[in-house]
Amino acid sequence: MGCRDVHAATVLSFLCGIASVAGLFAGTLLPNWRKLRLITFNRNEKNLTVYTGLWVKCARYDGSSDCLMYDTTWYSSVDQLDLRVLQFALPLSILIAMGALLLCLIGMCNTAFRSSVPNIKLAKCLVNSAGCHLVAGLLFFLAGTVSLSPSIWVFFYNTHLNRKFEPVFTFDYAVYVTIASAGGLFMTSLLLCIWYCACKSLPSPFWQPLYSHPPSMHTYSQPYSARSRLSAIEIDIPVVSHNT
């Protein structure tokens, strides 16, 4: 059965998960979540754009690549609710996704390097490869949900800010990077779940491993002692009486 081996579906899902986590890291660190463009009508001055991230804030003149003002304490004084939520949601999503990657790696390594002959002494330490992939897929789905929901909220909150103040707020490309990374997490989860459902026989228990023990498994079990076998046999002992 090919599903017992490490093949394209599990490797592709693992690589997709790594790329998605890298994208979440980039989206978390980029200072390009929201732009505040301040336009001046004075010909002697340049327009100013304030780039707002989750942790820092940078103000630049048009045509300049240097920050006129670089606020590294912005993370502690964020006054925009959507960015404050993202400060907690994205690191949490990264931690969940990294845990899913670890489970996926454990499952693949166990499948690739496990012995074909079961060892009865290590029966309690065996890793369920199928279970690792299944739980990893569920964790990827959870990580994608945690990162996608507040990222989409940025669009609506940006509209709220423009209505409340002036139409000077626009969202930047870090939003798209995070949404694409969340989509990659959903794709990874879908690949793992499809692999599990395609390889798992329907009548079998939900958490049982994909592989089954060979018919000669009983030969590896420790035999009963002679005393334990005789303990279930009824022995009639005749009673001899002496007549006087």
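**View 1. Glutamine 87, a buried residue of helix α2.** In this predicted model, glutamine 87 has a relative accessible area of 7%. That value is under the 20% cut-off, so glutamine 87 counts as buried. The residue lies in helix α2, which spans residues 81-113. Leave out residues up to four places away in sequence, and glutamine 87 touches Leu54, Trp55, Tyr75 and Val78.

**View 2. Alanine 97, also found in helix α2.** Is alanine 97 buried or exposed? Its relative accessibility is 0%, so alanine 97 counts as buried. Which residues does alanine 97 contact, beyond its neighbours within four places in sequence? They are Val21, Phe140, Ala143 and Leu185. Val21 falls within the span of helix α1, residues 8-29. Phe140 and Ala143 fall within the span of helix α3, residues 129-164. Leu185 falls within the span of helix α4, residues 173-199. A further pairing to display is alanine 97 with phenylalanine 141. The two are 44 residues apart in sequence. In space, their C-alpha atoms are 8.8 Å apart.

**View 3. Helices α1 and α4 in contact.** Helix α1 covers residues 8-29, and helix α4 covers residues 173-199. Their axes come within 8 Å. They cross at roughly 160°. Angles over 145 degrees count as roughly antiparallel, and α1 and α4 are therefore roughly antiparallel to each other. The crossing of α1 past α4 is left-handed. On the α1 side, the residues that meet α4 include Ala9, Leu12, Cys16, Gly17, Ser20 and Leu24. On the α4 side, the residues that meet α1 include Ala174, Val177, Ser181, Gly184, Leu185 and Trp195. By class, this contact holds eleven nonpolar residues and ten polar ones. Charged residues are absent from it. Leu185 of α4 appears here and also among the contacts of alanine 97.

**View 4. Strand β2, covered on both faces.** Strand β2 runs over residues 48-52 and is mostly covered. How many of its five residues are buried? Five of the five are. On one side sit Leu48, Val50 and Thr52, and on the other Thr49 and Tyr51. Both sets are buried.

**View 5. Strand β2 and its partners β1 and β3.** Strand β1 spans residues 34-38 and is joined to β2 by five bridges. These two strands run antiparallel. Five bridges also join β2 to strand β3, residues 57-61, again in the antiparallel sense. β2 and β3 form a hairpin, with four residues between them. Two rows of residues can be followed across these strands. Start with threonine 49 of β2. Arginine 37 stands opposite threonine 49. Threonine 49 also stands opposite arginine 60 in β3. Next take tyrosine 51 of β2. Lysine 35 stands opposite tyrosine 51. Tyrosine 51 in turn stands opposite cysteine 58 in β3. Both central residues of these rows, Thr49 and Tyr51, are buried.

**View 6. The five-stranded open sheet.** Strands of a sheet pair through backbone hydrogen bonds, either parallel or antiparallel. Which sense applies in this sheet, parallel or antiparallel? The pairing is antiparallel. The strand order is β4-β3-β2-β1-β5. The edge strands are β4 (69-71) and β5 (169-171), and each pairs on one side only. On average, neighbouring strands are turned by 20° against each other, with direction ignored.

**View 7. The β1-β5 side of the sheet, with helix α3.** Three bridges pair β1 with β5, in the antiparallel sense. One residue to mark is leucine 36, whose bridge partner in β5 is phenylalanine 169. Helix α3, residues 129-164, lies across β1 and β5. The helix runs at about 170° to β5.

**View 8. The whole chain, for orientation.** The chain has five helices and five strands. Along the sequence they follow the pattern α-β-β-β-β-α-α-β-α-α. Of the 244 residues, 36% are buried; glutamine 87 and alanine 97 are among them. Consider contacts between residues at least 6 apart in sequence: 66% of these join residues at least 24 apart.

Methods. Residues are numbered from 1 along each chain as its sequence is written. This is a predicted model: local features need pLDDT of at least 70, side-chain atom pairs count only at pLDDT 80 or more; totals for chains, interfaces and linings use all residues. Side-chain values use heavy atoms; hydrogens and water are left out. Buried means under 20% relative accessible area, exposed over 50%, partly exposed in between (1.4 Å probe, protein chains only). Contact means heavy atoms within 4.5 Å. Axes are lines fitted to C-alpha atoms, for helices over the stretch in contact, and angles run from 0 to 180 degrees between N-to-C directions. Angles under 35 degrees count as roughly parallel, over 145 as roughly antiparallel, 65 to 115 as roughly perpendicular and the rest as oblique. A crossing is left-handed if the near helix is turned anticlockwise from the far one by less than a right angle, and right-handed if clockwise. Ala, Val, Leu, Ile, Met, Phe, Trp, Tyr, Cys and Pro count as nonpolar, Asp, Glu, Lys and Arg as charged, and the others, Gly among them, as polar. Two strands pair if DSSP finds at least two bridges between them.
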